[in-house]
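Reader: I would like to learn how to read a fold from its model, one feature at a time. Could you take me through this one?

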Amino acid sequence: DLLRAHDETIAESDDRQTTEQILKAEKQYSNIARRYKKAAGVYSYKKGRLMIRPAMSAKEIVEEGRTLHHCVGNEDTGYLRKHNMGEDIILVLRSVKAPDKPYVTVELTKDGELNQWYGIHDSKPDEKKIDRWLNKYVKSLDLEKVRREAHRKIKAS
């Protein structure tokens, strides 16, 4: 019983920390949600069994990092800030059959170049397949729209 109580206490503490981290990130990086609709029109893509789209919110980026056990959602890595300011863009790659289940996180530069991508625990699942798919995706981007989106100013609400 002591071990079970300990594990429950740790889980509750982790949940509180995650909730606090999300609330702070949503407030500090609110441009991510404001940018989403137009960014989705520029970056969303579906081909075969995979789809990709921009992260919808700071909350989604934090949860992506927690679920996949990598650093994208950690405030000290700068990904939230860069995405919020349009310096880079964080995209979520999903299976078409499971569009809400994190699979791979992708970072593009503001010029539409592939910077990096990682799956769970910083792995590269199906590396050759994903590399080919992402290279086709990047080639499909309208670079003029990418640049306009990156430089779009967001009015504070």
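Author: Gladly, and one term comes up at once: a residue is called buried when its relative accessible area is under 20%, and exposed when that area is over 50%. Keep in mind throughout that this is a predicted model.

Reader: Let us start with the sheet, then. In what order do the strands lie?

Author: The order is β1-β2-β3-β4-β5, an open sheet of five strands with antiparallel pairing. At the edges are β1 (45-47) and β5 (114-118), each of which pairs on one side only. From one strand to the next, the twist averages 20°.

Reader: How many bridges join β3 to β4, and how many join β4 to β5?

Author: Six bridges join β3 to β4, and four join β4 to β5. Leu108 is a handy residue to follow here: Ile89 stands opposite Leu108, and in β5 the bridge partner of Leu108 is Leu114. Between β4 and β5 there is a hairpin with four residues in between, and Gly112 in that turn has a positive phi of about 80°.

Reader: Which way do the residues of β4 point, and are they buried or exposed?

Author: Val104, Val106 and Leu108 point one way, Thr105, Glu107 and Thr109 point the other way, and all are buried. As for the helices, α3 lies across β2, β3, β4 and β5, running at about 55° to β3. Helix α5 (residues 127-140) lies across β1, β2, β3, β4 and β5, at about 145° to β5.

Reader: What should I look for in the core?

Author: The general idea is that in soluble globular proteins, nonpolar side chains tend to be buried together. In this model the largest nonpolar core has 20 residues, and those with the most contacts inside it are Tyr43, Ile52, Val106, Leu108 and Tyr137. At least two residues each come from α2 (31-43), β2, β3, β4 and α5, with the largest share, five residues, supplied by α5. Apart from this core lies another, of 12 residues, including Ile22, Ala58, Val62 and Ile90.

Reader: Where is the kink in α2 centred?

Author: On Lys37, where α2 has a kink of about 55°. Among the buried residues of α2 are Asn31, Arg35 and Tyr43.

Reader: Arg35 catches my eye. With which residue does Arg35 form a salt bridge?

Author: First the general point: side chains of opposite charge can pair when their charged atoms come close. Arg35 forms a salt bridge with Glu149, and their closest N and O atoms are 3.2 Å apart. The pair links distant parts of the chain, Arg35 being in helix α2 and Glu149 in helix α6 (residues 143-151), 114 residues apart.

Reader: Why do Arg35 and Glu149 count as buried?

Author: Arg35 has a relative accessible area of 6%, so it is buried. Glu149 counts as buried because its relative accessibility is 5%.

Reader: Which residue pairs with Arg94?

Author: Glu64 does, with the closest N and O atoms 2.9 Å apart. Arg94 lies in strand β3 and Glu64 in helix α3, so this salt bridge ties together parts that are 30 residues apart in sequence. Both Arg94 and Glu64 are buried, and a network of salt bridges links them with Arg53 and Glu60.

Reader: And what of Arg81 and Glu87: how far apart are their closest N and O atoms?

Author: They are 3.0 Å apart in a salt bridge. Arg81 counts as partly exposed because its relative accessibility is 38%, and Glu87 is partly exposed too, with a relative accessible area of 32%.

Technical notes:
Residues are numbered from 1 along each chain as its sequence is written. This is a predicted model: local features need pLDDT of at least 70, side-chain atom pairs count only at pLDDT 80 or more; totals for chains, interfaces and linings use all residues. Side-chain values use heavy atoms; hydrogens and water are left out. Two strands pair if DSSP finds at least two bridges between them. Axes are lines fitted to C-alpha atoms, for helices over the stretch in contact, and angles run from 0 to 180 degrees between N-to-C directions. Contact means heavy atoms within 4.5 Å. A nonpolar core is a set of buried Ala, Val, Leu, Ile, Met, Phe, Trp, Tyr and Cys residues joined through side-chain atoms within 4.5 Å. Buried means under 20% relative accessible area, exposed over 50%, partly exposed in between (1.4 Å probe, protein chains only). The bend at a residue is the angle between axes fitted to the seven residues ending there and the seven starting there. A salt bridge is a side-chain nitrogen of Lys or Arg within 4 Å of a carboxyl oxygen of Asp or Glu.
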